[in-house]
Structures are given as structure tokens and as C-alpha cells.
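Welcome, and thanks for taking a look at this one. Please have the sequence and the 3D view open side by side as you read.

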Amino acid sequence: MRITEHPILQYQKGPKVSFTFDGQELEGYEGETIAAALHAAGVRILSHSHVAKRPRGFFCAIGTCSSCLMTVDGIPNVRVCVEKLRAGMRVETQKGKGVLR
Amino acid sequence: MIETQIAIIGGGPAGLQAATAAGQTGAQVLLIDNFDRLGGQLVKQTHMFFGSQQQFAGTRGIDIATKLAKQVAALENVQVMLEATALGIYEDGVLLVEQHDRVHKVKAERIIVAVGASERMLAFPNNDLPGVYGAGAAQTLMNVHGVKPGHRVLMVGAGNIGLIVSYQMLQAGVEVVGIVEAAPTIGGYLVHAAKVRRAGVPIYTSHTVKEAYGEGVVEGAIIWQLDENWSPIPGTERDVAVDVICLAVGLSPLSDLLWQAGCEMAYVPELGGSVAVRDELLRTSNPEIYVAGDVAGVEEASSAMVEGRIAGLGAALSLGLGGETAFKHLQEAREQLTALRSGPVGEKILAGLRRVEREVATDA
Amino acid sequence: MLKKTGIPTQADLQEVYPRPERLAQGPVAVIECFQRIPCNPCATACQRGAIQPFEDINDRPQLDVDRCNGCALCVASCPGLAIFVVDETYSEDQALIKLPYEFLPLPQEGKIVAALNRAGEKVGEGIVVRVQNPPAFDRTAVIHLAVPRELASDVRNILVEGEPHAER
């Protein structure tokens, strides 16, 4: 799903890093959003609605729609469409609404 | 407490130009943006812009972002706070800003809200399936992160965003099976329509999405035709196998901060939704708060830049800064804005503005 | 109808198309801009004053066909990619079309490519004579395509083999 060449753009990418999604090891580029890295790896279901448990995915990419809330390094409700990827991040599908600590 | 004369929330075309215009008057300016670089949505606009030379016409949006950010960087009296989210504007005029897990209090004599707009949803069964993406979001994936939103896309909406993002998908090597548009005619510029059409993308006017389908993610959509009363015509259903349905059905101003700050608001469909009542210099019913760009009414980036200059100069002048020069620049900006809106595409905006533009405040 | 399909009609084209006498004299711009929009880079790009300066930014471009030499500077500068150059005098039986192109891969000079009409349908083949892509064109390449002369008013795009969506 990565664009290899583009007529207008040259992409500035950070170093390639590993992270995990629900325990599965994936690769992405540091500094891109977690959602971009997941999408590039073919992961499209990011969360589930609270009542009907319907799958939800990427939608707004500007951190306003709440469709992409996930648990990252144990912290719930992270907007992965704006949160940047770092090496070793533990990204998990969130169960429930999350608990403030 | 961070103290400044003018705080600007949003570093897109409007906020950047507001910062430059206000900064050039000598005002102390703080520009706040929640992304890690300035430019707002310009950073993914790979196409050349319309307008005139004053609004960088003929230059690609991505390069306009760089130019505008350089102008801001050249001004020592303009401070920039990136990865910073404005949380609220309180009764005492204090603005709360979260940056890197810390909350800062900002006290500014004037605040310019230039936070932009967000994409609208469209109601149809299964519109919550992963794979139904905002067109601008898909554009961010492609043009900022270099990730294809999918393999085969159905675009919903033939306004400028739908047409431009369709074209950019083709440039990224993504197939666009068609563009559906509920209105009987194409809403975006016809030159944008012509360039996607000659690349082989059909445009289905008077069509809409009946439903999306898929197991867990989008696997396709049923589209159907609408009659002259916008009612679907049974029997016209067509099944299109796609993995992405992109919604380009308009933007809504991100007016939350203005509501929260207690500005007088009005719902104006021509401007995209709820916008602040303001005077010609974009000052709201709260004399300390100005608006500029899409949050003041969804329009083009070219007009957002000019609005930014007007708000920036207006705010500076209200503080007694800038003098004759600022006043002259203000008049020039207002003339440019009038010119940009003088054609047929500006009629809708002008109709909307007549409903929210009024004398709202006088200088203390 | 253009506003429903994105494809200009013969009537639309007639409004902007140079007269046959002018086409018989050599290369000339065809400005397929059918709507008043706030935009004027074509006029500022033209070095010969052939595209008249705009009084109102929303004006549609007015071309003085006698001043135009078909240089194609406007082709690369039009944000709507709506300007083409047509040279019906290119050879005995071919016309040359200069068209804006922003896809990869760029075609190679000398290659035969599919010639597409304004609906994106293949109507014939053309030979890529030249590919202009200097920095001044800012990534809008201008392709010089030789096509059978009877297709001169029809061909407005190309399909290059290896283009990601070329299978369509």
C-alpha cells in the first residue's frame, strides 16, 4: 500500500521501526501517524463502537472524529490518526471505553 | 502564564497569513498549531492553486505552505507553538493550550481563531464500515504519508475536493471507479472535472450511495440514480466493487472554540454551518476574538489567506499598532477579497456573509 | 453536457476553438476554460501578450490568436490543466498536440502511446515527439504528441504503458 514514486511529491520518511499491533510485529516509519503505519500494513479495523460493537476505521485524519481510538503503550483513547509512531510502540485494539489512571 | 498581544489558533493558510500580517506591524504574536509543521491542510495540496499572484496562483499548495511558513519564521516577534492544541477560551480571556502533555495558560489581548473545518458525514447504511473515509483524510494518507487509501475507490461528491482528490488518487496509482454526485450538475470547477474525466473517470451526476457493504470492511457500494426531486429511482441500482468509499460531501466549520468562548453564532448553510457573527474586519461579538479562514465560512484557501491578513491587520490596528501602512494593507486585502468573490462562485459566499456580517463591536 | 459529465460539448468547444484559417497557419493555444472562476496565471505566464490581461480575476481567458505562437508556457501554468496547443501543420497527415501531463511514468520520446479523447476513451495512437519537463514547469510536463490530423480536435490525453491505472 506504500506509494513508491509520485509525479509531484518526494516523501520525507523517518527511519524504519518495528511496533506491535495486538501482539503482531509490524513495521512502519518513525514520525508517520500510527494510523498510516497500520493502513500501510493492511490493518483497517481500528476500533469498535461501544454498544453495537461495529468495526470502525480511519475517517478524518485530523483528530476530531473519534473513530480511531486505540490503546497505545497501555494508554487508552489515543487518536492514532494524529499520534506519531515510535519504535517499539505497543498498539492494541481497545476494549471498552478505557480507564483513566 | 504566557503573555502575548495576539494569539492565533491554527497554522493553515489563514492563520499563517494572520501571523505575518500582524507580525509585520510589530505586534507580539503567538501562533499555535496542533500539527508538527505549519501549513494546515496546504501540506497535502499537490495541485496548483487558482486566484491571482497575491494568493500564489499557479503555485502548488504544498509549496505555498513552505512560503507562508518562511514568512512567519522571518519575524522575530512571532513565536510558534507546534503540536499544541487549544483547549478552551475562558471568561477572563485566558486560553488553555495543551502541548506535549502539559497545559499552558495563554493570556492574549486578541485571539484569532483560524482552526479550519472538518469533513461531513453522509447517511447511508453501513457508512461506519472501515473503508469509508473522508476525502481529505484519504488525501493525507496519500500525500503526507505516502500510503494508498486502497486499490479501488468510489468518490462521493463532485465538488472541488471530490474532483481534486480523485485526480490525486490517479496520480498515486489508485483506481477511481467513478464519482457520484447527488446534485444534477458538477459543483466543483469544470476544469477539475474535465481533467479527471479525460483520465477515464466517469462522473455520475444525480446519483448517490444507496448502501455500502462488506464483512468488517468495505467491499463495495450500491449506487443509484436520483430523479429531479432528489428521490432515488428503484431499479437503477448499480453494484460497484470497491475497497474505499471516499466522502467529499462538504466541510463544516470547526466552531467549537467559538461556541465555548460565547461568541454570537449563526447557522448559515452557504458558509458550511455554524459561524461567528462578525464585522467586516472579522471581529466577533467578543471584541477580543477574531475569525479567519474556513472556520469563518467554508471557502477557498486563496480567500482564507486574504481573510487571515484582514484579521491579523484588524487585530493589530485595534491595539493601536501598524498605523497608516497597516491601514493601507488592510484596504488592499479587502479589495482582493472582493475581487476573488466577484464571480459566480463567490455569489453563494456573499449571500451567506450578508447574514452574519454586521457591526458587532466598537473599540473601547 | 459539460456540467453533468465533465466533457465539453461541440458547442462549448466552438466558443473557444481557433478558426480553421488560424489552425492552417501553425501552432496555436486552445484554451478549454468554460467557466468564470477567480484565476489568471495563464495571462501572467504568456510572454507575448497573446492571453489578454484580465480586468476581473474571474474573466475567462481571451486569446489573441495572431500573437500566439503555440509556445505552451500557458499549458504548464494553467492550474486547471485546461490549455492545449494544436499544430495542424505539423506534417502532411499529422497534427501535433501539446498537452499537460502529471503522471508517472512519463512517456519516452519516440514511443507510441494510446491517444485518449476528452472522455478518456482511446481514439487512436500517437507518437510522443518530445517531453518537456523543465524546473520552470514545476512538475507539469508538457507532452508533444503527433496524432493523425483528423484526431487533432479530439485527443486530449494519453495512456502510457506501465502507468498504475493503465489496465483500465
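How many residues of domain 1 of chain B are in contact with domain 2 of chain B? Five residues of domain 1 of chain B are in contact with seven residues of domain 2 of chain B. Keep in mind throughout that this is a predicted model.

## The two domains of chain B

Here is how chain B is split. Domain 1 takes in two stretches of the chain, 2-118 and 251-356, while domain 2 covers 121-247. If you place a point at the C-alpha centre of each of these domains of chain B, the two points are 31 Å apart.

The contact between the domains involves five residues from domain 1 of chain B and seven from domain 2 of chain B. On the domain 1 side, these residues comprise one nonpolar, three polar and one charged.

## Where chain C meets chain B

Next, let us turn to the interface between two chains. Here, 38 residues of chain C are in contact with 38 residues of chain B. On the chain C side, the elements that supply two or more residues are α1 (2-5) and α4 (41-45) of chain C. Of the elements, α1(C) gives the most, with four residues.

What is the chemical make-up of that chain C side? Its residues divide into 17 nonpolar, 11 polar and 10 charged.

## The sheet of chain C

Chain C also holds an open sheet of seven strands with antiparallel pairing. Reading across the sheet, the order is β1-β2-β3-β6-β5-β4-β7 (chain C). The edges are formed by β1 (28-31) and β7 (157-159) of chain C; each has a single partner strand, so one side of each is left without a neighbour in the sheet. On average, neighbouring strands of this sheet are turned by 40° against each other, direction ignored.

## A closer look at β1 of chain C

The partner of β1(C) is worth a look in your viewer. Four bridges join β1(C) to β2 (residues 83-87) of chain C, and these strands run antiparallel. Among the pairs, C:V28 has C:V86 as its bridge partner in β2(C), and C:V30 has C:F84 as its bridge partner in β2(C).

Are the faces of β1(C) covered or uncovered? Both are covered: C:V28 and C:V30 lie on one side, C:A29 and C:I31 lie on the other, and all four are buried.

## C:V160, after the last strand of the sheet order

Moving along chain C, you will find C:V160 in the segment after β7 of chain C. This residue counts as partly exposed because it has 18 C-beta neighbours inside 10 Å, and 20 or more would be needed for a residue to count as buried.

How far is C:V160 from C:P38, C-alpha to C-alpha? They are 33 Å apart in space, with their positions 122 residues apart in sequence.

## Chain A as a whole

Finally, here is chain A, which has one helix and seven strands. Starting at the N terminus, its elements follow the pattern β-β-α-β-β-β-β-β. The radius of gyration of chain A is 14 Å, close to the 13 Å that the globule rule gives for 101 residues, so chain A is as compact as a globular protein of that length.

Along its principal axes, the C-alpha trace of chain A spans about 45 × 25 × 20 Å. Of the 101 residues in chain A, 40% count as buried. Looking at contacts in chain A between residues at least 6 apart in sequence, 38% join residues at least 24 apart.

Conventions. Residues are numbered from 1 along each chain as its sequence is written. Chains are lettered from A and ligands numbered from 1 in the order in which they are written. This is a predicted model: local features need pLDDT of at least 70, side-chain atom pairs count only at pLDDT 80 or more; totals for chains, interfaces and linings use all residues. Domain bounds come from an automatic or database domain assignment. Ala, Val, Leu, Ile, Met, Phe, Trp, Tyr, Cys and Pro count as nonpolar, Asp, Glu, Lys and Arg as charged, and the others, Gly among them, as polar. Two strands pair if DSSP finds at least two bridges between them. Axes are lines fitted to C-alpha atoms, for helices over the stretch in contact, and angles run from 0 to 180 degrees between N-to-C directions. The radius of gyration is taken over C-alpha atoms; the globule rule is 2.2 Å times the number of residues to the power 0.38. A residue is buried if 20 or more other C-beta atoms lie within 10 Å of its own, exposed if 12 or fewer, and partly exposed in between; C-beta atoms are placed from the backbone.
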